[in-house]
Amino acid sequence: MTTRTDFDEFVAARSTGLLRTAYLLTHDHALAEDLLQTALTKAWFAWSRIQGDPEPYVRKVLVNTFSSWWRRKWNGEHAYADLPETPTGEDGADDRHDLWTAMGRLPRRQRAVIVLRFVEDLSEAETARALGISNGTVKSQTSKALAKLRIDPALARTTTKDRS
């Protein structure tokens, strides 16, 4: 019974933070909830074997599950004959939307590294452990992702107000 209690306490304490990570990876509330539920289900079956703090293990399961979901051929996108209307003018511009757009253009591993390093505030070593990669790979993926974000058109926009 202790195992179930420990797991329940962990879920109650950390599910909000893990859900935030899942949302930042998927950009969709429903997918984020599904991703977290899947990761917690996998963690439940391994709960008795987890040594020490379970959060890094659960976070790794979360990121690995996210990566495996996107390896499938079909990811839920539908083709439409007509393009949706785009907002005109700068009145509807939202900087957060621009960041989401730019983050969405990053490859999944780079996006995962950026989310874990800068949003979840994990160290390079913690990020490497969570993703199952080396510290050098974390550094190179971070560098490549930041370089792509710097030149992304959604973020590189300047207006006449910014120049003066």
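# A guided tour of a nine-helix chain

Just after helix H6, Gly132 takes a positive phi of about 70°. Select Gly132 as the starting point of this tour. The model on display is a predicted one, and the stops below proceed from this residue to the helices and loops of the chain.

**Stop 1: helix H6**

Select residues 124-131, which form helix H6. Which residues of H6 are buried? They are Thr127, Ala128, Ala130 and Leu131. Seen down the axis of H6, these buried residues fall within an arc of 165°, so they line one face of the helix. A general point helps in reading such a view: an α-helix has 3.6 residues a turn, so residues three or four places apart point the same way. Now display the partners of the buried residues of H6, which are H3, helix H5 (108-119) and helix H7 (135-151).

**Stop 2: the whole chain**

Clear the selection and show the entire chain as a cartoon. How many helices and strands does the protein chain have? There are nine helices and zero strands. Followed from the N terminus, the elements run α-α-α-α-α-α-α-α-α. The chain has 164 residues, of which 33% count as buried. Consider next the contacts in the chain with a separation of 6 or more: residues 24 or more positions apart account for 67% of them.

**Stop 3: helices H2 and H3**

Two packed helices are described by the angle between their axes and the distance between the axes. Select residues 29-46 for helix H2 and residues 55-69 for helix H3. H2 and H3 pack at an angle of about 125°, and their axes are 9 Å apart. An angle over 145 degrees would count as roughly antiparallel, whereas one of 65 to 115 would count as roughly perpendicular; H2 and H3 are therefore oblique to each other. The crossing of H2 and H3 is right-handed.

Show the side chains where these two helices meet. On the side of H2, the contact is made by Leu31, Asp34, Leu35, Leu36, Thr38, Ala39, Leu40, Lys42, Ala43 and Ala46. On the side of H3, the contributors are Tyr57, Val58, Val61, Leu62, Thr65, Phe66 and Trp69. Sorted by class, the contact of H2 with H3 has 13 nonpolar, two polar and two charged residues.

**Stop 4: Leu35**

Remain in helix H2 and select Leu35. Is Leu35 buried or exposed? Leu35 has a relative accessible area of 0%; the cut-off for a buried residue is under 20%, so Leu35 is buried. Leaving aside residues up to four places away in sequence, Leu35 touches Ala22, Thr26, Leu62, Thr65, Phe66 and Trp69. Select Leu62 as well: Leu35 and Leu62 are 27 residues apart in sequence, and 6.8 Å separates them in space, C-alpha to C-alpha.

**Stop 5: helices H3 and H5**

Keep H3 on display and add H5. The axes of H3 and H5 come within 11 Å and cross at roughly 155°. That angle makes H3 roughly antiparallel to H5. H3 passes H5 in a right-handed crossing. Which residues meet here? Arg59, Val63 and Phe66 in H3 meet Arg108, Arg111, Ala112 and Leu116 in H5. The residues of this contact divide into four nonpolar, no polar and three charged.

**Stop 6: Val119**

Select Val119, whose place is in helix H5. Val119 is partly exposed, with a relative accessible area of 40%. Residues up to four places away in sequence are not counted in its list of contacts, which consists of Arg20, Leu24 and Ile114. Then select Thr21: Val119 and Thr21 are 98 residues apart in sequence and 8.1 Å apart in space, C-alpha to C-alpha.

**Stop 7: two loop residues with positive phi**

Most residues other than glycine have a negative phi. The two residues at this stop are not glycines, and their phi values are positive.

Select Asp121, in the loop between H5 and H6. Phi of Asp121 is near 60°. Asp121 is exposed, with a relative accessible area of 64%.

Finally, select His27, in the loop between helix H1 (2-26) and H2. His27 has a positive phi of about 65°. How accessible is His27? His27 is partly exposed, with a relative accessible area of 24%.

Conventions: Residues are numbered from 1 along each chain as its sequence is written. This is a predicted model: local features need pLDDT of at least 70, side-chain atom pairs count only at pLDDT 80 or more; totals for chains, interfaces and linings use all residues. Side-chain values use heavy atoms; hydrogens and water are left out. Axes are lines fitted to C-alpha atoms, for helices over the stretch in contact, and angles run from 0 to 180 degrees between N-to-C directions. Helices (H or I, at least four residues) and strands (E, at least two) are DSSP runs, numbered from the N terminus. Angles under 35 degrees count as roughly parallel, over 145 as roughly antiparallel, 65 to 115 as roughly perpendicular and the rest as oblique. A crossing is left-handed if the near helix is turned anticlockwise from the far one by less than a right angle, and right-handed if clockwise. Contact means heavy atoms within 4.5 Å. Ala, Val, Leu, Ile, Met, Phe, Trp, Tyr, Cys and Pro count as nonpolar, Asp, Glu, Lys and Arg as charged, and the others, Gly among them, as polar. Buried means under 20% relative accessible area, exposed over 50%, partly exposed in between (1.4 Å probe, protein chains only). The arc is that of the directions from the helix axis to the C-beta atoms.
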